[in-house]
Amino acid sequence: MIDDLVIDARGTLCPEPVLRAARVARTLSAGTRLVVLADDPAAATDLPAWARLRGHRVVSIRTPRPPDAGRDIVVTVELGAGRSTSGQPD
């Protein structure tokens with residue numbers, strides 16, 4: 001079994017968490033799980049949207065809720081076969 005691959009995108013703003021996930025995803029096989037850590041609130045919607053567009057499966061999304069505001073957003077994605085669109089990053 002392959003361990004989850006963690007991408008730490010904390011401290012970056014949109015679109016960097018998605019770009020980092022896409023860059024890593026291109027090098028991995030289907031079935032691999034990416035766990036993306038982010039602190040930009042946009043990541044909670046941007047990462048799942050990217051995953052669905054590329055044929056990946058969103059396993060979980062953890063967003064901070066008061067009184068834990070300020071904690072990390074954690075999005076776990078299981079890579080699928082992916083869909084490549086010419087000229088756009090996977």
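A residue is called buried when its relative accessible area is under 20%, exposed when that area is over 50%, and partly exposed in between. Keep these cut-offs at hand as you work through the exercises. The model shown above is a predicted one.

**Exercise 1. The overall layout**

Task: Find how many helices and strands the protein has, and in which order they run from the N terminus.

Solution:
- Step 1. Begin with the count: the secondary structure comes to two helices and four strands.
- Step 2. Follow the chain from the N terminus, and the elements read β-α-β-α-β-β.
- Step 3. Add the burial of the chain as a whole: of the 90 residues in the protein, 33% are buried.
- Step 4. Finally, look at contacts between residues at least 6 apart in sequence: 65% of these join residues at least 24 apart.

**Exercise 2. The two faces of helix 2**

Task: Which residues of helix 2 are buried, and how are they arranged around its axis?

Solution:
- Step 1. List the buried residues of helix 2: A43, A44, L47, P48, W50 and A51.
- Step 2. Look down the helix axis. These buried residues fall within an arc of 160 degrees, so they line one face of helix 2.
- Step 3. Turn to the face pointing away from the buried side, where you meet the exposed residues T45, R52 and L53.
- Step 4. Ask what covers the buried residues of helix 2: the cover includes helix 1, strand 2, strand 3 (57-62) and strand 4.
- Step 5. Step just past the end of helix 2, and you reach G55, which has a positive phi of about 85 degrees.

**Exercise 3. Helix 1 and residue A21**

Task: Work out which side of helix 1 is covered, then decide whether A21 is buried or exposed.

Solution:
- Step 1. The buried residues of helix 1 are P17, V18, A21, A22 and A25.
- Step 2. Down the axis of helix 1, its buried residues span an arc of 130 degrees, so they line one face of the helix.
- Step 3. Strand 1, strand 2 and helix 2 are among the elements that cover these residues.
- Step 4. Now pick out A21, which is found in helix 1. Its relative accessible area is 0%, so A21 is buried.
- Step 5. Setting aside residues up to four places away in sequence, A21 touches I7, L34, V36, L47 and W50.
- Step 6. For a distance across the fold, take A21 and A51: they are 30 residues apart in sequence, and their C-alpha atoms are 9.3 Å apart.

**Exercise 4. The nonpolar core**

Task: Which elements supply at least two residues each to the largest nonpolar core, and which gives the most?

Solution:
- Step 1. The largest nonpolar core holds 18 residues, and A21, L34, V36, L47, W50 and V77 have the most contacts inside it.
- Step 2. Helix 1 (16-25), strand 2 (33-38), helix 2 (43-53) and strand 4 (73-78) each supply at least two of the core residues.
- Step 3. Helix 2 gives the most, with five residues.
- Step 4. Here is some background: nonpolar side chains in soluble globular proteins tend to be buried together.

**Exercise 5. Strand 2 and its partners**

Task: In which sense does strand 2 pair with strand 1, and in which sense with strand 4?

Solution:
- Step 1. With strand 1 (residues 5-8), strand 2 pairs in the parallel sense over four bridges. Here I7 stands opposite V36.
- Step 2. With strand 4, strand 2 pairs in the antiparallel sense over six bridges. On this side A38 stands opposite I73.
- Step 3. Bring in the helix: strand 1, helix 1 and strand 2 form a right-handed β-α-β unit.
- Step 4. Check how covered strand 2 is: five of its six residues are buried.

**Exercise 6. Two residues to classify**

Task: Sort T32 and I61 with the cut-offs given at the start.

Solution:
- Step 1. T32 sits in the loop between helix 1 and strand 2. Because its relative accessible area is 6%, T32 is buried.
- Step 2. A polar atom of the T32 side chain lies 2.9 Å from the backbone oxygen of S29.
- Step 3. I61 lies in strand 3. Its relative accessibility is 42%, so I61 counts as partly exposed.
- Step 4. Leaving out neighbours within four places in sequence, I61 is in contact with A44, P48, V74 and V75.

How values were computed:
Residues numbered from 1 in each chain as written. Predicted model: local features only at pLDDT ≥ 70, side-chain atom pairs only at ≥ 80, totals over all residues. Heavy atoms only, no water. Core = buried A, V, L, I, M, F, W, Y, C linked by side-chain atoms within 4.5 Å. Buried < 20%, exposed > 50% of the residue type's maximum accessible area, 1.4 Å probe, protein only. Polar contact = N/O pair within 3.5 Å; in protein donor to acceptor, adjacent residues only side chain to side chain. Pairing = 2+ DSSP bridges. Right-handed = clockwise from strand over helix to strand, strands pointing away. Arc of directions from axis to C-beta. Contact = heavy atoms within 4.5 Å.
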